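Q: Hi, could you walk me through this one? I'd like to poke at a few spots and then see how the chains relate.

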Number of protein chains: 2
Amino acid sequence: MRNVAIIGVGITKFGELWDKQLRDLFIDASLEAIKDAKVDLKDIQAIYIGNMSAGEWVEQEHIGPLMADYLGVRGIPSYRVESACASSGIAFKLAYEAVATGLYDLVLVGGVEKMTDVSTEESTHHLASAADREYEAFFGVTFPSLYALMARRHMYEYGTTREQLALVAVKNHRNGSLNPKAHFRNVINIDTVLNSPIVADPLRLFDCSPISDGASAIVIASEDIARKYSDTPIYIIGSGFATDTIALHDRSDITFLWATAEAAKKAYKMADIEPNDIDVAEVHDCFTIAEIMAYEALGFAERGEGGKLIEEGVTELDGKIPVNPSGGLKAKGHPVGATGTAQIVELTLQLRGEAGKRQVQGAEIGLAHNMGGSGSSAVVHILSRVRR
Amino acid sequence: MRNVAIIGVGITKFGELWDKQLRDLFIDASLEAIKDAKVDLKDIQAIYIGNMSAGEWVEQEHIGPLMADYLGVRGIPSYRVESACASSGIAFKLAYEAVATGLYDLVLVGGVEKMTDVSTEESTHHLASAADREYEAFFGVTFPSLYALMARRHMYEYGTTREQLALVAVKNHRNGSLNPKAHFRNVINIDTVLNSPIVADPLRLFDCSPISDGASAIVIASEDIARKYSDTPIYIIGSGFATDTIALHDRSDITFLWATAEAAKKAYKMADIEPNDIDVAEVHDCFTIAEIMAYEALGFAERGEGGKLIEEGVTELDGKIPVNPSGGLKAKGHPVGATGTAQIVELTLQLRGEAGKRQVQGAEIGLAHNMGGSGSSAVVHILSRVRR
């Protein structure tokens with residue numbers, strides 16, 4: 001397989017974007033990425049788009065040709081991929097493989113979601129489409145409650161504390177306050193989290209990522225082309241995707257993100273590195289417990305030790321492995337289909353040294369971890385500033 | 001790229017399948033394909049699933065891990081692809097490319113849709129998600145009316161007649177009567193069509209494909225593996241995908257399926273054959289006019305001459321290029337996400353000589369044509385009984 005590099009990135013502000021349609025968001029992010037890559041639109045050979053449920057949120061399917069059309073590149077293949085909140089992480093994997101195997105030389109990949117045109121109740125219902133509708137959602141389970149079950153069991157098995165969960169939110173809000181594209185830019189403290197309303201015990205409002213609108217996009221190219229366009233290509237050196245049971249009740253251990261661990265194993269092996277080599281990571285913190293469990297599944301901490309990792313400050317912006325410098329899903333926002341490529345946009349900026357006030361100093365290797373549902377799909381990518 | 005072959009196919013009955021869930025349908029078709037291929041489940045390395053709108057029809061997204069889980073292959077990558085009614089045709093393209101480029105050796109690809117759990121009005125609304133929601137569907141346009149506009153203009157430009165449209169339905173019902181898996185097996189005549197209720201002038205009830213439930217699945221493998229499992233591997237020799245404007249009002253000519261012509265051009269070039277070489281075809285007859293326009297875009301007839309082709313009997317089961325021996329979308333049924341791979345299931349049976357009463361004698365090369373929306377995504381595959 002050929003070396004593949006990221007040569008351009010774009011991202012809209014995340015938030016409640018009342019003045020934008022679904023297509024506007026994707027086109028805004030795409031044009032920013034194309035401008036950043038200094039490529040001509042006509043050189044784009046294919047498009048891969050992650051989107052979870054535009055059919056449910058804005059009653060628009062057939063996103064592939066829609067976006068190719070509005071971007072002004074009618075004719076080329078344009079794929080829409082869905083894997084719940086991992087949609088664009090998986091779109092990125094397909095795009096990467098298409099270039100790595102020589103099918104295309106230059107492609108656009110991104111993700112988009114427009115979630116705030118309906119009520120929170122309706123959005124929560126649509127999000128539950130990522131769980132097992134027949135055996136979970138039908139009986140009233142929502143995502144906060146699924147992650148609450150994981151949190152409660154993690155606390156029981158490993159002594160993880162309510163305060164440790166809160167620290168994830170505190171860190172991610174602090175990081176998000178430094179990110180101009182973030183949905184929330186307010187700094188909070190532990191009390192803010194502990195005094196917020198209970199959503200699904202033990203999870204409170206500030207343990208949950210928000211419902212957001214937004215889009216993100218990336219131009220990737222084969223190495224030889226990448227070097228023509230960019231002085232700072234960021235190389236894709238690892239890629240892994242794995243699945244788990246869709247329903248939580250079918251797992252033998254709900255305190256461990258098995259698909260994440262499997263996806264990470266593949267990505268580490270391909271990149272020929274260890275968790276220890278990661279300088280910066282964007283992980284899927286849809287709920288605070290998810291970030292703690294991600295630490296463990298990605299090998300940043302031993303099983304059950306994720307809570308201690310946040311407590312010891314290891315994942316802070318100035319820690320050994322800064323996690324979610326963008327603010328993560330918690331503060332940057334979580335327009336579900338846009339999240340996977342948004343993580344890769346952030347890592348690209350970090351590895352280029354262009355992340356402004358939230359820059360992780362000297363970062364050379366970054367990891368993106370994107371999950372769907374209660375972790376039943378998981379995709380991990382490893383990026384490098386240095387060609388390998 | 002490596003040669004890739006189809007080694008197993010499966011398809012459920014199409015129709016109103018009240019006793020089956022979405023997952024049952026996909027698993028039934030998949031197990032049939034896996035049994036037909038004589039492979040072990042554990043040898044399947046990845047799954048590609050076409051599905052248009054399970055989120056809207058049965059409120060279930062995240063189809064990838066759901067199906068991997070229920071098939072008993074938890075862990076492996078499982079992709080869900082959406083491109084409206086072309087969803088599984090495009091899933092097939094991705095699966096083919098993944099094997100051809102060496103990413104995987106043995107994969108399962110299929111499609112599924114469960115459409116009859118809601119009213120016809122609701123299904124029509126969901127189907128309109130494949131059009132431009134903001135500028136077409138929002139103002140009341142539905143798919144029969146979009147194709148009615150194409151039909152009316154085709155009649156005006158080229159003298160295509162009402163009777164020629166009807167002949168497409170008559171042929172496809174006759175073929176469907178020979179297919180035990182078809183939704184409709186009733187033979188009809190021209191009067192049946194001409195006396196049926198108007199849906200969107202000039203299209204009548206019998207010009208429209210039905211709303212169906214169903215699934216189809218295929219096992220494909222790299223050539224060396226294929227020969228270990230199968231005495232009758234069917235080779236994939238051409239593959240093309242193109243997009244057009246999503247909205248009909250943005251096209252300069254609504255009588256021609258431009259994306260189909262572009263996709264076909266790529267597939268013919270790759271296969272190094274001409275339209276003349278096709279022995280049997282499954283084309284996207286969502287409405288009778290669509291089949292006539294497909295004849296022209298695929299090069300079976302000159303521009304404007306599609307009506308004459310059906311009139312002259314060229315596309316009948318015993319004609320020069322039999323089209324839709326399965327009964328097509330019109331009679332076999334149209335569970336939208338399942339249609340693309342269902343066409344390829346039929347061609348595989350035809351090229352193996354296993355199509356029973358609807359067998360096209362001596363067919364060696366087959367073409368599958370699958371479209372999304374009003375033709376804004378189109379994918380064409382060419383299959384061959386003989387290795388090339």
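**Around one serine**

Q: Happy to start small: what does B:S209 touch, leaving out residues up to four places away in sequence?
A: B:S209 touches B:D285, B:C286, B:L329, B:K330 and B:H334. Keep in mind that this is a predicted model.

Q: Where does B:S209 sit along the chain?
A: In chain B, B:S209 lies in the loop between β6 (203-204) and β7 (214-222).

Q: And is B:S209 buried or exposed?
A: B:S209 has a relative accessible area of 16%, and buried means under 20%, so B:S209 counts as buried.

Q: Switching to helices: how do α6 and α11 of chain B cross?
A: The axes of α6 (residues 143-158) and α11 (residues 288-297) of chain B come within 10 Å and cross at roughly 60 degrees. The two helices are therefore oblique to each other, and α6(B) passes α11(B) in a left-handed crossing.

Q: Nice, which residues make that contact?
A: From α6(B) there are B:Y147, B:M150, B:A151 and B:H154, and from α11(B) there are B:I289, B:A290, B:I292, B:M293 and B:E296. By class, that contact has seven nonpolar, one polar and one charged residues.

Q: Last topic: what turn lays chain B on chain A?
A: A turn of 180 degrees with a shift of 0.0 Å along the axis does it, at an RMSD of 0.0 Å. That is the relation of a two-fold axis.

Q: Which C-alpha of chain B is nearest the axis?
A: That of B:V81, 2.4 Å from the axis.

Q: Through what surface do the copies meet?
A: The same surface, because 100% of the interface residues of chain B are also interface residues in chain A.

Notes
Residues are numbered from 1 along each chain as its sequence is written. Chains are lettered from A and ligands numbered from 1 in the order in which they are written. This is a predicted model: local features need pLDDT of at least 70, side-chain atom pairs count only at pLDDT 80 or more; totals for chains, interfaces and linings use all residues. Side-chain values use heavy atoms; hydrogens and water are left out. Copies are superposed by least squares on the C-alpha atoms of residues with pLDDT of at least 70 in both. Contact means heavy atoms within 4.5 Å. Axes are lines fitted to C-alpha atoms, for helices over the stretch in contact, and angles run from 0 to 180 degrees between N-to-C directions. Helices (H or I, at least four residues) and strands (E, at least two) are DSSP runs, numbered from the N terminus. Angles under 35 degrees count as roughly parallel, over 145 as roughly antiparallel, 65 to 115 as roughly perpendicular and the rest as oblique. A crossing is left-handed if the near helix is turned anticlockwise from the far one by less than a right angle, and right-handed if clockwise. Ala, Val, Leu, Ile, Met, Phe, Trp, Tyr, Cys and Pro count as nonpolar, Asp, Glu, Lys and Arg as charged, and the others, Gly among them, as polar. Buried means under 20% relative accessible area, exposed over 50%, partly exposed in between (1.4 Å probe, protein chains only).
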